[in-house]
Amino acid sequence: MKRRLFLASATAVSGVAIGSTVAAAPGFASHLGTSWAPLKGGRRLSDAGIAARLRLFGPENVDPRTGAFPQERVITSWLSNSSFAVAVGGRLVYLDTFISRLEVERGRTPLVIADLIDARPDAILLGHGHGDHADNAAYIAAMTGATIYASEETCAVLAADFARLKADPLVNADQKTRIPADAVLRTVPVTSADSVPGTEMIRLDVLEPYAQVVAFRHLHSVAVPQDPQYPPPRTEILVDPRDAALFPSGTSLTPGSSPQPGQMNLRTGGGSGGTVSIYFHITLRHGSNFSFGWQNTAGALKEGIGNGWSGTPEDGERIRGRLASLPQTDLHLATASTANYTNNGLRDLIHYQSVLHPRIFVPNHLTSGTRTREGCSLAVYAGYLEQMDLMEVPDADRPHVRWVIDPVDYLQPLAFDTDDDTWRDKSKKDRIKALDRIKLGRPRAVKAFVGKQRMTAGEHTHSCEV
Ligand SMILES: [Zn+2]
Ligand SMILES: [Zn+2]
């Protein structure tokens, strides 16, 4: 072991990081001796940008003078539901852009849309196009120049979102919120329209040369009949009854029939391609090849069926094969939603994990969904533990669980030391090499939309499926 590390739970006083003396799991980053990664393209952040990054990642993970991130650290910060901000290799990437209870002012969710824009993301990865994932994406990208990586179906919807936003009087009502006249929406289709899950695997240049990113279509969550082999948990989904009184509603960002000052509709139009779901896997090319996967839904691998995909077990097998080809997963950011909770929801998550064998599991999709809502995270945790018992997952095969509970775990960064020996795995280099044989997607696929795209039908219909 190179060095034993401390959990990144430091506080900063007058810009000086103070070390915690609480011993932490190996692999979590120390803030001691930080070297800062240069900002992309010599970019300079505004004071508001630095403040936004400090809000997202904490004073121990951001250079207070420049807004730069540490060189040898991957940092994740939960933004609500399945959305994360991730700092990797000095870049800022958003995984999904939907925010639960997004309001005009910071409230129970301690961020506003301006924070996500001011922080200047380099890229946005969208796991699928439903509103509880892709809301806000077109606007953030238009305002920042970030490139969006999503299915071809979702890219088309985002182009329509962009056109609508450019013409929206509420967006144009304020100089600060108006989309600049020369703004361009950059989207990269990760999978081609109507592709068969698992057949197309693409390598993305989003974090090159620092990290390898591969992606492929998998399955959206769906209800299938109860599995006699793996019964669902009996744990009830309970919402904390104190929540409504503790966290009264503010003014929603999305306007109703009489818009209030500051309100704008940044929701995506949705559409039939919204269920097309992408699995993303990111592996660092240096240090200990720290590797993490993110999925914002989990379909029925056993049956090969997902919402929008009436497949066969063969489809599930193909996806398992893709998952098995990935470098060892150190961190799995994955859906523990209660969609289909009473039949196969958590079974399906555990089936993904039975292939990936993640070292650390951080759940997502905990604050919106068919059954999930704010204040029910602990119940899902209990259900997840029960489901593993019901499936008789041996202790040795269970990930180290870093559960998150809203709202206290919003914007609480997890920082991983990418040089730590904990992440070393002999097979990683071979897997990286094998995946490098997949062609790099972006040069062929990038599409840019300028401000005169025609709007398409159905753009105001908001989809909130899970
Ligand atoms: Zn969802
Ligand atoms: Zn969905």
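Strand 15 (residues 331-335) and strand 16 (residues 360-364) run side by side in the parallel sense, joined over 5 bridges; two strands count as paired if DSSP finds at least two bridges between them. Within this pair, His332 has Phe361 of strand 16 as its bridge partner. Helices and strands here are DSSP runs (H or I over at least four residues for a helix, E over at least two for a strand), numbered from the N terminus. The model is a predicted one, in which local features need pLDDT of at least 70 and side-chain atom pairs count only at pLDDT 80 or more, while totals for chains, interfaces and linings use all residues. Residues are numbered from 1 along each chain as its sequence is written, and chains are lettered from A and ligands numbered from 1 in the order in which they are written.

The wider sheet comes next. It is open and has 7 strands in the order 9-10-11-12-15-16-17, with mixed pairing. Strand 9 (201-204) and strand 17 (400-401) stand at the edges with a single partner strand each, so one side of each has no neighbour in the sheet. Helix 8 (residues 345-356) lies across strand 12 (291-294) and strand 15, at about 160 degrees to strand 15. Helix 10 (residues 428-436) also packs on the sheet, where it touches strand 9, strand 10 (211-218), strand 11 (277-284) and strand 12, and its direction makes about 65 degrees with that of strand 10. Such angles run from 0 to 180 degrees between N-to-C directions, with axes fitted to C-alpha atoms, for helices over the stretch in contact; residues are in contact if their C-beta atoms, placed from the backbone, lie within 7 Å.

Two loops that lead into or out of this sheet hold cis peptide bonds. One joins Glu208 to Pro209, with omega near 0 degrees, and Pro209 sits in the loop between strand 9 and strand 10. The other joins Asp406 and Pro407, with omega about -5 degrees, and Pro407 belongs to the loop between strand 17 and strand 18 (414-417).

Positive phi angles are also worth a look. Arg101, though not a glycine, has a phi of about 45 degrees and lies in the loop between strand 5 (91-95) and helix 2 (113-118). Asp194, likewise not a glycine, has phi near 65 degrees and is found in the loop between strand 8 (185-189) and strand 9. Asp194 counts as exposed because it has 10 C-beta neighbours inside 10 Å, whereas Arg101, with 19, counts as partly exposed (buried means 20 or more other C-beta atoms within 10 Å, exposed 12 or fewer, and partly exposed in between, with C-beta atoms placed from the backbone).

Notes
Two residues are in contact if their C-beta atoms, placed from the backbone, lie within 7 Å.
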